[in-house]
Amino acid sequence: MSSLTEEDRPIVQLLLGTGTCPRCVFRFCRVGSQTLYRHPYKELMKDLKQFLKGNQEKEETACFDVADPPCKRFRRGHAEEGPDDLNQNGVLSQIPLVNDDNAAVENSAVQVCNVCLGILQEFCEIDFVKKMCEKVNSSDYQFNSFVFSVSLPPQLSVREHAVWLLVKQEMGKLGLSLAKDDIVQLKEAYKWIIHPQLSEELGVPTDGKSLFEVSVVFAHPETDEECRFLATICPDCFKPAKNKQSVFTRMAVIKALEKIKEEDFLKHFPCPPSSPKNLCVALEIQCNNGAVFVAGRYNKYSRNLPQTPWIIDGERKLESSVEELISEHLMAEFKADSFNFSSSGREDVDVRTLGNGRPFAIELVNPHRIHFTAEEMKRLQQTINNSSDKIQVRDLQLVTREAIGRMKEGEEEKTKTYSALIWTDKTIQKEHIAFLDNIKELKLDQKTPLRVLHRRPLALRCRIIHTMKSEYIDEHHFRLRLKTQAGTYLQCCYSTHLLMVD
């Protein structure tokens, strides 16, 4: 078990005297033992009191090993203000220390921590863990592991910076240094405490790669204004963003703290920070399942069915689509919040899709149900096929995100073969169309057709007709077979070559 050393004694005494909770004391003393943070709060406070007393009999029952007697230098070192002690005019103020009666330690047990604002106090107790579990269970998600995340108010970074400056100065008196990265991160310590409790209550293990996430969002309205001075000193760090409600995000605050000079920080923020009256509040306890992907192939038999909803200028043109006929059943079975449909290419509304069908995939966002057997997927496929005579699906299966990427890869490099029966008003003979067979690698600059402008931007796209093969039928009909680059608008191509025949 990690233990405090004699070098930590002045730091422990300093922090407890300013209203810092035991777990935050451990963080600044660089204690990396996860088990130690999980000890009951009162037990940790008791152990720290024994550590400071230096009483050998009590130390034998404490969590820590102390190799040397109490350091007299630090017991008297703050009785007088030394040359390195700074005041509120941009410097560190004199710190009240814990006396032999440990009065300050007793008081700190009931104070809200001046660093974590109570997160490593009340919110580590089993009552709050059970509250999170109630939220998870009532959400009716299917999961076999979880990952836990926490969102902290940005002012915690400001308070931690102030205490770091305080501890760094104290360690400097010992000839030691403390880098900010040496401090155990609050999020990390909180997860060390919460993970085993949450895992036991939910009955599943934690897994950093789990698709199911339990998250809690903390806020502390009482100290919300504490970040604002940074915007005056480092305005470049706080730029408005469309998707952010406030410019004072945690990352923006951290960036500003990295740029600000120590003397400028101390002119605007007390060091050490005072203990607030109120604890943090848990604004939200959220659950979310990672996306699930379903893929297959579809055939379309209707000549009056678009692939995706056909809506122009807010007006729906047709009542349904391939996307909707498939997704409505998947949404119901997976109990998802929303979906995203994608496919390997698309066909026009009046074009059928036959043969083996067109590959498609659907991303189901935040599904409550995620486990399906092969037999259940077959039944789901049959349900979709029985619901409409306009489409049929096959090979319906659960796939990975990477598989979706492979489906979309190389769409522009694919080639497609088409066959068209063409009628001409003008009488033709076989020699009139023979020249088409000699055309190779024909480059076309195609503008976006009017019929798809509602879903694609107006642009000029280069497409290639690799080969053409004509077959004369009679004076007004011939068949044209084309091998083209994927994405070529064939109706435009046929019209162009009819003009060439004329």
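Lys191 is partly exposed, with a relative accessible area of 25%. The model is predicted. Lys191 belongs to helix α10, which spans residues 186-202. Beyond its sequence neighbours up to four places away, Lys191 touches Phe148, Ser149, Val150 and Pro196. Phe148 and Lys191 are 43 residues apart in sequence. In space, their C-alpha atoms are 7.4 Å apart.

Phe148 also figures in the nonpolar interior. The largest nonpolar core has 84 residues. Phe148, Tyr190, Leu198, Phe218 and Phe265 have the most contacts inside this core. Helix α9, residues 155-172, gives the most to the core, with nine residues. Apart from this core lies another, of 23 residues. Val294, Tyr298, Phe334 and Leu364 are among the residues of that other core. In soluble globular proteins, nonpolar side chains tend to be buried together.

Tyr190 illustrates the contacts in the 84-residue core. Leaving aside residues up to four places away in sequence, Tyr190 touches Ile119, Leu120, Phe123, Cys124 and Phe128. Tyr190 also touches Phe148, Val150 and Phe218. Phe148 and Val150 are likewise touched by Lys191.

Helix α9 also packs against helix α1. Two packed helices are described by the angle between their axes and the distance between the axes. For α1 (residues 9-17) and α9, the angle is about 145° and the axes are 10 Å apart. The crossing of these two helices, α1 and α9, is right-handed. On the α1 side, the contact is made by Pro10, Ile11, Leu14 and Leu15. On the α9 side, Val163, Leu166, Val167, Glu170 and Met171 take part. By class, the contact of α1 with α9 has eight nonpolar residues, no polar residues and one charged residue.

Charged pairs were examined next. Side chains of opposite charge can pair when their charged atoms come close. The count comes to 16 salt bridges. One of the pairs joins the side chains of Arg159 and Glu226, at 2.9 Å from N to O. Arg159 lies in helix α9, and Glu226 lies in the loop between β2 (212-219) and α11 (228-233), so the pair ties together parts that are 67 residues apart in sequence. Both Arg159 and Glu226 are buried.

Arg316 and Glu324 also meet through their side chains in a salt bridge, at 2.5 Å from N to O. Arg316 is partly exposed, with a relative accessible area of 36%. Glu324 is partly exposed as well, with a relative accessible area of 23%.

A further salt bridge joins the side chains of Glu333 and Arg369, at 3.8 Å from N to O. Glu333 lies in helix α14 (residues 322-334), and Arg369 lies in the loop between β8 (353-365) and α15 (374-386). The pair therefore ties together parts that are 36 residues apart in sequence. Glu333 counts as partly exposed because its relative accessibility is 35%, within the range from 20% to 50%. Arg369, at 21% relative accessibility, also counts as partly exposed. Buried means under 20% on this scale. Elsewhere, Lys300, Glu347 and Arg358 are linked in a network of salt bridges.

Conventions: Residues are numbered from 1 along each chain as its sequence is written. This is a predicted model: local features need pLDDT of at least 70, side-chain atom pairs count only at pLDDT 80 or more; totals for chains, interfaces and linings use all residues. Side-chain values use heavy atoms; hydrogens and water are left out. A nonpolar core is a set of buried Ala, Val, Leu, Ile, Met, Phe, Trp, Tyr and Cys residues joined through side-chain atoms within 4.5 Å. Buried means under 20% relative accessible area, exposed over 50%, partly exposed in between (1.4 Å probe, protein chains only). Helices (H or I, at least four residues) and strands (E, at least two) are DSSP runs, numbered from the N terminus. Contact means heavy atoms within 4.5 Å. A salt bridge is a side-chain nitrogen of Lys or Arg within 4 Å of a carboxyl oxygen of Asp or Glu. Axes are lines fitted to C-alpha atoms, for helices over the stretch in contact, and angles run from 0 to 180 degrees between N-to-C directions. A crossing is left-handed if the near helix is turned anticlockwise from the far one by less than a right angle, and right-handed if clockwise. Ala, Val, Leu, Ile, Met, Phe, Trp, Tyr, Cys and Pro count as nonpolar, Asp, Glu, Lys and Arg as charged, and the others, Gly among them, as polar.
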